[in-house]
Amino acid sequence: MLMRTSAPRKAAISTALATLLITGISATTAQAAPAKYSITVTQTAAVKTSYLATAAAASCRLNTITITRTSMCMDIGARVNMLQNGKPVGSATFDIKHSMTLQTSKLKWGESFTVGKATLVNASGVSVTVSVGGGKGVKTAVKFPQGSTLGPAHTGTVGYAASVAKKKQLTNPASYRFTFTKLGYTPGGFTYNSAKYRCDDTFWGPTKRTKNPGCVFPSFAPTFTLSRSDAQVKQSANHIYDAQRKITGHPGASTPLHRITDAKTINAHRKAMCAKVHNPNPKKYDCDEYPFAASKEGGNPSRGSTRIISAADNRSAGARLGGFYKSQRVLNGDAYYVHIK
């Protein structure tokens, strides 16, 4: 049977076909939307902080920030994910290792880092660029083969230069930004920070510096050491050794002391400990107190110890403690330990 189409219906069909053709869709088959490709980056595990009880430079362990007073080694596990319409189609896994060494008498220091050899799964041609910020008051200069592709290891360096005013300090972490790109993909990247470093110019006498400005990692508590076999300080060392064992909590040994610099508080601590202690010859002997008067833990007779010792011995130990504060840049409130050999 022959079907007839009315003139109005023919016009409607023609209009619909024209609309499909104008929008780029076939009259017979609608085209799928173009695929979207993107890159995301993640750390492979949480990063923990470890403190080394040694003067040696910090050594690296994966997913760990290891620090001493002046060195940091950080090893970050990373994964670059290649996505098509949000679904994984490839990956690159590798680690990024950093080594930073501060200078206790300089405001300039350096860092080296390596983007390690990557394991690639459908992720060839991914390029990496790096930027590093030092925080307020710190300038950085990065040297790295920017735009190099993941696969082989690539190394770089960062130069740091801090500027700190007289009797002031600054505390910052370095901030790292890694960006990954590939033709046709939306770029991805991630950021993370170093351990915080502190630079200061606070060691001043009445008219001049007693130590040049410099930098340390303040979260690391350094250790002041005296020896009972050292003739110049053996009386001080023996007193501290006995006091640490006697006082509950073993201040300075099991738990740190904390430096204070306020002269009035220090004098009050010393008076609280020694004012009632009999000294048979003040020209020859001193009242030695522990914990030190110049510590937050000092000045408490119920949790402290006093002993009459040679003035020369006491003052030699005091001078060494002052030298320790300078060499390790121990500022007001900083934690430190006391070790007696």
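Is C199 buried or exposed, and what is its relative accessible area? C199 is buried, with a relative accessible area of 0%, where buried denotes under 20% relative accessible area, exposed over 50%, and partly exposed the range in between (1.4 Å probe, protein chains only).

The structure is a predicted model, in which local features need pLDDT of at least 70 and side-chain atom pairs count only at pLDDT 80 or more, whereas totals for chains, interfaces and linings use all residues. Residues are numbered from 1 along each chain as its sequence is written, and side-chain values use heavy atoms, with hydrogens and water left out.

Three disulfides are present in the structure, a disulfide being assigned to a pair of cysteine sulfur atoms within 2.5 Å. When the bonded cysteines of the protein are numbered in sequence order, the pairing reads 1-2, 3-4, 5-6. Helices (H or I, at least four residues) and strands (E, at least two) are DSSP runs, numbered from the N terminus.

One disulfide connects C60 and C73, with an S to S distance of 1.6 Å. C60 is located in the loop between β2 (48-51) and β3 (64-67) and C73 in strand β4 (residues 71-84), so this pair ties together parts that are 13 residues apart in sequence. The torsion about the S-S bond of C60 and C73 is about -95°, and the disulfide is therefore left-handed. As to solvent accessibility, C60 is partly exposed, at a relative accessible area of 25%, while C73 is buried, at 6% relative accessibility.

A further disulfide joins C199 to C215, with an S to S distance of 2.1 Å. This pair links distant parts of the chain, with C199 in strand β15 (residues 197-200) and C215 in strand β16 (residues 214-216), 16 residues apart. Because the torsion about the S-S bond of C199 and C215 is about 105°, the disulfide is right-handed. C215 is buried at 0% relative accessibility, and C199 likewise has a relative accessible area of 0%.

A disulfide is also formed by C274 and C287, whose sulfur atoms are 2.0 Å apart. Distant parts of the chain are again linked: C274 belongs to helix α3 (residues 263-274) and C287 to strand β19 (residues 285-290), the two cysteines being 13 residues apart. The link of C274 and C287 is left-handed, with -75° about the S-S bond. Both C274 and C287 are buried.
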